[in-house]
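The report below goes through one protein chain, from a single side chain outward to the fold as a whole. Please keep the sequence and the coordinates in view while reading.

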Amino acid sequence: IDRVLVDAPCSGLGTLRRNPDLKWRQSPRSVAELQAKQQAILAAAARLPKAGGRLVYATCSLLAAENQAVVQAFEAEHGRDFTPLPALDLLQAARVQAAADLVEGPFLRLWPHRHRTDGFFAAAWQRR
């Protein structure tokens with residue numbers, strides 16, 4: 001497959017401004033359960049891209065446990081098969097205006113207080 005998007009089930013904590021009750025429905029245990037699901041889904045999706053194909057992992061969570069930690073675990077397990085793609089490069093290639101304002105490190109990272117949108121995270125790789 002040329003492109004695979006993993007829109008992972010997550011805590012949804014990036015949508016707190018629209019769903020303030022979410023903060024009462026999450027716990028460290030529920031986040032840990034989601035993290036395990038996210039890692040399993042991403043690992044399963046990693047089998048799908050062809051050589052040169054892209055894999056994107058995305059959540060509407062603000063939590064590092066659901067974002068950077070999942071990415072780190074994926075790269076530790078599958079790093080030999082995938083090259084990380086910096087979000088800034090991808091956004092600039094797509095001619096997104098003010099792309100640098102939308103990234104944090106190599107990731108797409110939207111913050112409600114900064115971008116006036118829901119919180120969002122995405123990481124991308126290319127299969128070798």
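Is Lys-50 buried, partly exposed or exposed, and what is its relative accessible area? In this predicted model, Lys-50 has a relative accessible area of 45% and therefore counts as partly exposed.

**Salt bridges**

The side chain of Lys-50 meets that of Asp-2 in a salt bridge, with a distance of 2.6 Å from N to O. Because Lys-50 lies in the loop between helix H2 (28–45) and strand E2 (54–59), while Asp-2 belongs to the segment before strand E1 (3–7), the pair ties together parts that are 48 residues apart in sequence. Asp-2 is likewise partly exposed, at a relative accessible area of 43%.

This pair belongs to a set of five salt bridges that the structure holds, and the table lists some of them, including the one just described.

| Salt bridge | N to O distance |
|---|---|
| Lys-50 and Asp-2 | 2.6 Å |
| Asp-118 and Arg-17 | 3.5 Å |
| Arg-29 and Glu-33 | 3.3 Å |

The side chains of Asp-118 and Arg-17 meet at 3.5 Å, N to O. This pair links distant parts of the chain, since Asp-118 sits in the loop between helix H5 (112–115) and strand E6 (120–127) and Arg-17 in the loop between E1 and helix H1 (22–25), 101 residues apart. The accessibility of the partners can be set side by side: Asp-118 counts as buried, at 17% relative accessibility, whereas Arg-17 is exposed, with a relative accessible area of 53%.

The salt bridge between Arg-29 and Glu-33, at 3.3 Å from N to O, lies within one element. Both residues are in helix H2, and because they are four residues apart there, about one helical turn separates them. Arg-29 counts as exposed at 65% relative accessibility, and Glu-33 as partly exposed at 43%. Elsewhere, salt bridges that share partners join Arg-17, Arg-18 and Asp-118 into one network.

**Cysteines**

How many disulfides does a search of the whole structure find? The search finds zero. The sulfur of Cys-10 has its closest cysteine sulfur in Cys-60, at 3.4 Å, which is too far for a bond, given that a disulfide requires the two sulfur atoms to be within 2.5 Å. Cys-60, correspondingly, is in no disulfide, its nearest cysteine sulfur being that of Cys-10. With 27% relative accessibility, Cys-60 counts as partly exposed.

**The chain as a whole**

Five helices and six strands make up the secondary structure of the chain, and along the sequence they follow the pattern β-α-α-β-α-β-α-β-β-α-β. For 128 residues, a compact globule would be expected to have a radius of gyration near 14 Å, and the 15 Å of this chain agrees with that expectation. Taken along the principal axes, the C-alpha atoms fill a box of roughly 45 × 35 × 20 Å.

Of the 128 residues, 40% count as buried. Among the contacts in the chain with a separation of 6 or more, 70% come from residues 24 or more positions apart. The accessible surface of the chain amounts to about 7,400 Å², and carbon and sulfur atoms account for 55% of that area.

Conventions: Residues numbered from 1 in each chain as written. Predicted model: local features only at pLDDT ≥ 70, side-chain atom pairs only at ≥ 80, totals over all residues. Heavy atoms only, no water. Buried < 20%, exposed > 50% of the residue type's maximum accessible area, 1.4 Å probe, protein only. Salt bridge = Lys/Arg side-chain N within 4 Å of Asp/Glu carboxyl O. Helix = DSSP H or I, 4+ residues; strand = E, 2+ residues; numbered from the N terminus. Rg over C-alpha atoms; globule rule 2.2 N^0.38 Å. Contact = heavy atoms within 4.5 Å. Areas by Shrake-Rupley, 256 points an atom, 1.4 Å probe, with all protein chains shown as cover.
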